[in-house]
Structure formats: structure tokens, C-alpha cells
Amino acid sequence: MSASAQHKPLPRYAYLTEESIERYTRSTLKGNYGLLPSEVWWMERQPYLQEAGYVLRPRYWPNWRPSWLGTNRHPMYCEDSIMQADYQVLDARQSRDNNIVAIKTFRKDSQELSIIRHLSSIHHHQNHTVPLFQVLDDPIDPELSLMVMPYLRPCNDPEFTTVGDVVNFINQTLEGLVFMHEHRVAHRSVNFVPYCAIHIMTICSDIAVENIMMDAEVLFPDGHHPVRLDYTPDAVYPVSPLPRAGHDIKYYYIDFGLACRFQEGESPYVVGDVGRDTEVPELSSTVPYDPFKMDIFALGNLYFKEFAQKYNDMQFLFPMIERMKQRQPELRPAASDIHAQWIDIRDSLNKGSHRWRLSPRTDTAIGRMLNDTVAVAWDHLKKYVT
């Protein structure tokens, strides 16, 4: 948040009325804002992380006392009232530069670390897998480690607003899929061993919008709260993002806890019927299938649900999605072939179309015309106000 914002008076909604102070005090003392069990887990590691150079939010400091007690501040607008969103992951600030990071706990015997470490070590412009900054041993449980990665935001929050936003997203996610497949990594698996091995384990399809995130720092110049995403870092003021257009956003594949990596020459055929995308037709706990072809279907299904099904004027995606979603896996092209098709489609688009507003299929004709008029007017106005 900017210096001027830090010193301006708090808004009226950030304060309690005289009648409600006692009620919120009783609620707090009863433990309604207390640490969750998973938060206690992180609080116990706060001194170790602090020494390692990672500063947790005050809520997770030992002997934390709610900042609103004894005041007329509303707990909802006190940063330390905000609970953890994901028990496995917590945000922190690097003490050396105040940059925000995400710290994830995982078992040392999981395959996640080896896959992320392998992919993160390869410096290539098509690498869209989440970078790995550091791995720390857990100070309490010898079977766990802590993985430090960049803090990222959901890829669809804020929502996509122009055709160009969609084009950029597909550019990067297809590049990333080609990169992973060229390095023999299928994005989603669990306890994998090759089909030709003696024991068959399981694999699942998990390419989904929840597992593609973005570095959206450029859209929020003054930052935002890492959990309450639509508010300033102090959780007091609502924030509005800048438009994606004209800003360098990078998308990343995350969460490799279920991924699998194949050595050259190993059979890629696996079994398993769990995952986020249950619509992959070949998923089976008994019949082996190719997880690379499964990735193709899952990403095509994501494009269909997030763009082609939601918005008008997405006809240019249909031929590619149709190939990606072939029910017979052997009819789906390789990631590199789909990427080549996409380049042809992308380059055939009128460059002016990138600025077109995404029009939801639920828009009425009058509503669409009105929204398009406003979008055009705002596009022109930005030339004078930026």
C-alpha cells in the first residue's frame, strides 16, 4: 500500500459501534478468532522460519494477541483476524527484500520435490512450471520438508476480460505443456510406477484451472492481501486490479504432488481413476492408458469450460479443442502438434480482435451492445488518463 494510503483515516466501516464492541470482545475471548489446528502447526515453526529469513504474518507469532482487543476496531478489518486458506501452504515475506513467497509443507518421501526440482532447474522460455526457491528441513518432524516458492494468484481472479487475455493464457499454458511433455513429465499422477513394472499403482488427471496460477504483481502495484485477495495488504480497503492487457503476466503450472516423471524408454501406460477432471473418458483403475494423452484432453476441457462455453466469439478455439477432446486417446495429437496448430490459429486472428471485450453467453443483445460501447469508450479514455 502507498505511503499516502497508510496515513489516511480509517473508513467508518473499520470501526465497531459502541453496542457491538462487547459482543465482539466476548466472541474473541471465546476463541472464535483463534488459531486453527493447522495454523498452530505453522506458529510452532515461526521462530525457525524467521531465522531462515521468512517473516510470517503477526497472527502466527508466538504469544499472538488479537490486535482489536481493547479497541473499537472491527475484527474483519484487522489483518490478523484472517485465517489460513490452505493448511499445506502459508504466505510469508522474505526479510531481505519484503517480497512475498509461499511456503508449502510436504513429505520428504513424496515425488513432488524431485519433479519440481528437476523442472525448476531447466532455464527455458517455455518453462511455465512453478519455480523452486529453497527447500528447508522441517524443524520438528523429520519426515517433512518446507518448499519455498513464489506467491501466486488464481489464474482467473481477476476474470479474463478481453480476447487478448485468452490468447496470452493459451500461449503460455500450451508452451508449458509442451515443455513438461518434452521432459517426460505428465502433469498429474499419484504413486506412479511404469505399467511394465511388477506393481501397478495409480495416476489421476488433474490439469484444471485450480492448478494454473499467475504472478499478478503488476496488476496490483500497491499489493493485495495474500488471503483476502480483493483487499489491501492491511485488509482495510478494497482493491481493483489493472487490466491484464499491456502487462507482463506469467502463468504457472503448480501442485506436482500427483505428477509423474518417466525415464527415457519407460512405458508411460498407467492406471487410476481419480483427479479434478473426471470427464477424461479413458480414466480407469484397471485398463492402462497414456497420461500424456490424458493431459491433452484435460487442458482442452479447461479451454472449453473456461472460454468456449462461457463467451461469445470464441469460434477460433473450436477446431483445436475438438482435436484435444477426442474420446479416443490415440486420436489426440501430441502437445507439440497442438501448439503448432495454435500458432497458426493465433497468427490468423485480426490483431485488433485482441482488444475485444469478452462477451458472456448470458449477455442479452442489448446488454452486450451497452457493455461493448462502454468498453470501447473506456479503451479510448485510458489513452488520456494513463
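Modeller: Before we look at this predicted model, one term has to be settled: two residues are in contact when heavy atoms of theirs lie within 4.5 Å.

Colleague: With that meaning of contact, which residues of α6 and α7 meet?

Modeller: On the side of α6 they are V166, F169, I170, T173, L174, L177 and H181, and on the side of α7 they are F292, D295, I296, L299, L302, Y303 and F307. Sorted by kind, the residues of this contact comprise eleven nonpolar, two polar and one charged.

Colleague: What makes D295 the charged residue in this contact?

Modeller: Asp is counted as charged, together with Glu, Lys and Arg, and D295 of α7 is an Asp that takes part in the contact.

Colleague: Why is α6 called roughly antiparallel to α7?

Modeller: Two packed helices are described by the angle and the distance between their axes. For helix α6 (residues 163-182) and helix α7 (residues 291-308), the axes cross at roughly 170 degrees and come within 11 Å. An angle over 145 degrees counts as roughly antiparallel, and therefore α6 is described as roughly antiparallel to α7.

Colleague: How do you know that C155 and C260 are buried?

Modeller: The term buried applies under 20% relative accessible area. C155 has a relative accessibility of 0%, so C155 counts as buried, and C260, also with 0%, is therefore buried as well.

Colleague: How many disulfides are there?

Modeller: A disulfide would need a pair of cysteine sulfur atoms within 2.5 Å, and by this rule the count is zero.

Colleague: What makes α5 a helix that is largely enclosed?

Modeller: Helix α5 covers residues 112-120, and seven of its nine residues are buried, which means that the rest of the structure largely encloses it. The buried ones are E112, L113, I115, I116, H118, L119 and S120, and they pack against β3, β4, β5, α6, β7 (185-186) and β11 (260-261).

Colleague: Why is strand β3 described as largely enclosed?

Modeller: Strand β3 (residues 100-107) has six buried residues out of eight, so the rest of the structure largely encloses it.

Colleague: How do you know that β3 pairs with β2 and with β5?

Modeller: Strands pair if there are at least two bridges between them. Strand β2 (residues 89-94) is joined to β3 by five bridges, and β3 is joined to strand β5 (residues 144-150) by seven, so both pairs satisfy the rule of at least two. The strands run antiparallel in the pair of β2 and β3, as they do in the pair of β3 and β5. Among the bridge partners, V89 has K104 in β3 and L90 has I103, while T105 stands opposite L146 in β5.

Colleague: What makes β1 and β4 the edge strands?

Modeller: The open sheet has five strands in the order β1-β2-β3-β5-β4, with antiparallel pairing. Within this order, β1 (54-55) and β4 (134-137) each pair on one side only, and this puts them at the edges.

Colleague: Why is W61 called partly exposed, while N63 is called exposed?

Modeller: Exposed means over 50% relative accessible area, and partly exposed covers the values between 20% and that limit. W61 has 38%, so W61 is partly exposed, whereas N63 has 79% and is therefore exposed. W61 lies in the loop between β1 and β2, and N63 is found in the loop between β1 and β2 too. Neighbours within four places in sequence aside, W61 is in contact with M43, Q46, V55 and L56.

Colleague: What makes the phi of N63 and of D255 worth pointing out?

Modeller: Most residues other than glycine have a negative phi. N63 is not a glycine, yet its phi is positive, about 65 degrees, and D255, also not a glycine, has a positive phi of about 60 degrees. D255 lies in the loop between β10 (250-253) and β11, and at 27% relative accessibility D255 counts as partly exposed. In the hairpin of β2 and β3, with five residues between the strands, N98 takes a positive phi near 70 degrees.

Colleague: Which kind of peptide bond joins D157 and P158?

Modeller: Most peptide bonds are trans. The bond that joins D157 and P158 is cis, with omega about 10 degrees, and P158 is found in the loop between β6 (153-154) and α6.

Key:
Residues numbered from 1 in each chain as written. Predicted model: local features only at pLDDT ≥ 70, side-chain atom pairs only at ≥ 80, totals over all residues. Heavy atoms only, no water. Buried < 20%, exposed > 50% of the residue type's maximum accessible area, 1.4 Å probe, protein only. Helix = DSSP H or I, 4+ residues; strand = E, 2+ residues; numbered from the N terminus. Axes fitted to C-alpha atoms, helices over the stretch in contact; angles between N-to-C directions. Parallel < 35°, antiparallel > 145°, perpendicular 65-115°, else oblique.
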